[in-house]
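This report examines side-chain contacts in a single protein chain, with attention to charged pairs, aromatic rings and solvent exposure. The sequence and coordinates follow.

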Amino acid sequence: MNGPQDLGGQTGFGPVAPEKDEPYFHAEWEKRALGVTLTAGAMGAWNIDESRHARESLHPADYYASSYYQIWIKALEALLKRHGFVTERDLAAGKAVDPAVTPKRVLKAADVPAVLAKGGPCDRPVATPARFRAGDRVRTKNFNPTGHTRLPRYARGKNGRIEAVRDGFVFPDSNAHGKGENPQWVYTVVFDGAEIWGEGADPTLSVSIDAWESYLEPA
């Protein structure tokens, strides 16, 4: 969706200033935020695409005023309420007040290392052959969806070249909204800097993205 998270190429936010030797966490509560988010996700009520959509659905003013893990926690609250695990009264009281849905599963402390090592693979077989091959010239579609998408705004309606054919993967645009995994082929697409950034772009620059097949059409 065209949400506050999609900042590629946007002006007015100043330069990117990476923090030298940035730590994994800037405060102790961030460790707990990560742990609680992963544990809640392990209950099986939502998938990673729905969780991403919950974060990008925050109001822009709220999103930009929040740190990375504050965004995670605010989105987690929305997911927990949506799926019946907590209510506004629970959150206001800081404890369980109302009856809650029983989770499909509970992640126990002893199982955490094995669960994290397993990860959450999203590669899937695709019934049809890949439409494009490495070297093909393609153009990304230009659309502005109200739901989740992994095609960033700066790369829409742009001409590029297929650098590599990857595998079949869950289609986030449908999976985020309970419409099925609908796996598609994924391609690495490379664009010249001028195609993305326009006149004045560094001529040595190129930009690559991983794009699902339905994002692409022959150039």
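A salt bridge is taken here as a side-chain nitrogen of Lys or Arg within 4 Å of a carboxyl oxygen of Asp or Glu. The model under discussion is predicted. Under that criterion, Asp 6, Arg 153 and Arg 156 are linked in a network of salt bridges.

**Annotated regions**

The UniProt record, an unreviewed entry, places the feature "domain: Nitrile hydratase beta subunit-like N-terminal" at residues 1–101. This span is 49% helix and 0% strand, and its end C-alpha atoms lie 29 Å apart. A further feature in the unreviewed UniProt entry, "domain: Nitrile hydratase beta subunit", is placed at residues 121–218. Residues 121–218 are 9% helix and 35% strand, with the end C-alpha atoms 29 Å apart.

**Salt bridges**

Side chains of opposite charge can pair when their charged atoms come close. The structure holds 9 salt bridges. Three of them are listed below.

| Pair | Closest N to O distance |
|---|---|
| Asp 6 and Arg 156 | 3.9 Å |
| Arg 82 and Glu 50 | 2.8 Å |
| Arg 89 and Asp 98 | 2.6 Å |

In the Asp 6 and Arg 156 salt bridge, the closest N and O atoms are 3.9 Å apart. This pair links distant parts of the chain, since Asp 6 belongs to the segment before α1 and Arg 156 to the loop between β1 and β2, 150 residues apart. Asp 6 counts as buried because its relative accessibility is 9%, and Arg 156 counts as buried at 6%.

The salt bridge between Arg 82 and Glu 50 has its closest N and O atoms 2.8 Å apart. Here the distant parts that are linked are helix α4, which holds Arg 82, and helix α2, which holds Glu 50, at a separation of 32 residues. Glu 50 has a relative accessible area of 10% and is therefore buried. By contrast, Arg 89, which meets Asp 98 in a salt bridge, counts as exposed at 52% relative accessibility.

**Aromatic contacts**

How many aromatic pairs does the structure contain? With ring centres required to lie within 6.5 Å, the count comes to 12 aromatic pairs. Tyr 68 and Trp 72 form one such pair: their ring centres are 5.5 Å apart and their planes meet at 45°, so the pair is tilted. Because the two residues are 4 residues apart in helix α4 (residues 68–82), Tyr 68 and Trp 72 are separated by about one helical turn. Tyr 68 is exposed at 54% relative accessibility, whereas Trp 72 is buried at 12%.

The rings of Phe 143 and Tyr 215 also form a tilted pair, with centres 6.1 Å apart and planes at 45°. Phe 143 sits in the loop between β1 (137–140) and β2 (159–169) and Tyr 215 in the loop between β4 (206–212) and β5 (216–218), so this contact ties together parts that are 72 residues apart in sequence. Phe 143 is partly exposed, with a relative accessible area of 22%, while Tyr 215 is buried at 1%.

Phe 25, Tyr 68, Tyr 69 and Trp 72 make up one aromatic cluster. Two arginines lie over aromatic faces in the model. Arg 55 lies over the face of Trp 72, at 4.2 Å from the ring centre. Arg 156 lies over the face of Phe 143, at 5.3 Å from the ring centre. Arg 156 thus joins two descriptions, as a member of the salt-bridge network with Asp 6 and Arg 153 and as a charge over the ring of Phe 143.

**Surface patch and backbone features**

Leu 7, Phe 13 and Tyr 64 make a nonpolar surface patch of about 290 Å². Of these residues, Leu 7 is placed in the segment before α1 (28–41) and is partly exposed, with a relative accessible area of 35%.

Two residues other than glycine have a positive phi. Asp 21 has phi near 55°, lies in the segment before α1 and is exposed at 70% relative accessible area. Asn 182 has phi near 40°, is found in the loop between α7 (172–175) and β3 (184–192) and is partly exposed at 40%.

How values were computed:
Residues are numbered from 1 along each chain as its sequence is written. This is a predicted model: local features need pLDDT of at least 70, side-chain atom pairs count only at pLDDT 80 or more; totals for chains, interfaces and linings use all residues. Side-chain values use heavy atoms; hydrogens and water are left out. UniProt positions are given in the numbering used here, feature names are shortened, and annotations may be inferred rather than shown by experiment. Rings of Phe, Tyr and Trp (its six-membered ring) pair if their centres lie within 6.5 Å; planes under 30 degrees apart count as stacked, over 60 as edge-to-face and the rest as tilted. Buried means under 20% relative accessible area, exposed over 50%, partly exposed in between (1.4 Å probe, protein chains only). A charge sits over a ring if NZ of Lys or CZ of Arg is within 6 Å of the ring centre and within 35 degrees of the ring normal. Patches are made of residues with over 30% relative accessible area and no salt bridge: like charges are joined within 9 Å, nonpolar side chains (Val, Leu, Ile, Met, Phe, Trp, Tyr) within 5 Å. Accessible areas come from the Shrake-Rupley method with a 1.4 Å probe; for residues, only the protein chains shown count as cover.
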